[in-house]
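Welcome! Below you will find a protein chain to explore, and this report will walk you through it step by step. Take a moment to look around before reading on.

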Amino acid sequence: MPTIITQTERLTLRTWSKEDITPFAEMCADKEVMRYFPATLSFQETENLVNRFQERYEQDGYTYYVVEIKETGEFIGFCGMLMQTYESPFTPNVDIGWRLKKAAWGKGYATEAAKACLDLLKNTLRIKTIISVASQSNIPSINVMQKIGMKKVGSFEHPALKDTPELNPCEVYEISF
């Protein structure tokens, strides 16, 4: 049974369930949704990702959460935070991130969910500094970073994107409480 983490006016952020894997896999197989990532994901890769999210929640007390429409329960993507430890001048650090299906784009959901996550980080988890990373070409995510009050602190060549140079460099934004 999923645990509700927080709610906003329009959204519920909660832990994952097996029922989320299929709509998440459909989203992760969409080339447009995944255009700022090295590749789309198979069903098995998506299921493995959900398992990692659940493990991180159990280990750290936070993860990337399911985002659903509060009124209908419709799965629209994820938003949340994870400790990132890949090699960069900005890590290790807690990273806030999001990914939504196309039908949810342009409605302010990513910003609304990210603000709710920042509130959790600040008030419940008491994490003082949060980063967010996006490919320099990912203007929609950079816009969300700016809307939630994050400031650009630099850029770097992301080691996970070395085989997809068109996605590097990445911009790094930060907020501290």
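## Starting at the surface

Let us begin with one residue: K147 counts as exposed because its relative accessibility is 56%. Here exposed means over 50% relative accessible area, buried means under 20%, and partly exposed is in between, using a 1.4 Å probe and protein chains only. K147 lies in helix α4. Its contacts, leaving aside neighbours within four places in sequence, are T111 and K115; a contact means heavy atoms within 4.5 Å. K147 is also 9.6 Å from A114, C-alpha to C-alpha, with their positions 33 residues apart in sequence.

A word on where this comes from: this is a predicted model, in which local features need pLDDT of at least 70, side-chain atom pairs count only at pLDDT 80 or more, and totals for chains, interfaces and linings use all residues. Residues are numbered from 1 along each chain as its sequence is written, and side-chain values use heavy atoms, with hydrogens and water left out.

## The overall fold

How many helices and strands does the protein chain have? There are four helices and eight strands, where helices (H or I, at least four residues) and strands (E, at least two) are DSSP runs numbered from the N terminus. Followed along the sequence, they come in the order β-β-α-α-β-β-β-α-β-α-β-β. The radius of gyration is 15 Å, close to the 16 Å from the globule rule for 177 residues, so the chain is as compact as a globular protein of that length. That radius is taken over C-alpha atoms, and the rule is 2.2 Å times the number of residues to the power 0.38.

Along its principal axes, the C-alpha trace spans about 40 × 35 × 30 Å. Buried residues make up 50% of the 177 residues. Among contacts with a separation of 6 or more, 58% are between residues 24 or more positions apart.

## Inside the cores

Which residues have the most contacts inside the largest nonpolar core? They are L11, I76, M81, I96, W98 and M150, in a core of 32 residues. A nonpolar core is a set of buried Ala, Val, Leu, Ile, Met, Phe, Trp, Tyr and Cys residues joined through side-chain atoms within 4.5 Å. Elements giving two or more residues to this core include β2 (11–14), β4 (75–84) and α3 (109–124). Helix α3 gives the most, with eight residues.

Try finding I76: leaving aside its neighbours within four places in sequence, its contacts include L11, M27, V67 and Y109. A second, separate core has 15 residues, including M34, V50, F75 and F78.

## Details of the backbone

Where are the cis peptide bonds? One joins T91 and P92, with omega about 5°, and P92 sits in the loop between β4 and β5. Another joins N168 and P169, with omega about 0°; P169 is in the loop between β7 (151–156) and β8.

Now look at R126, in the loop between α3 and β6. Its phi is near 55°, a positive value in a residue other than glycine. R126 counts as exposed because its relative accessibility is 55%.
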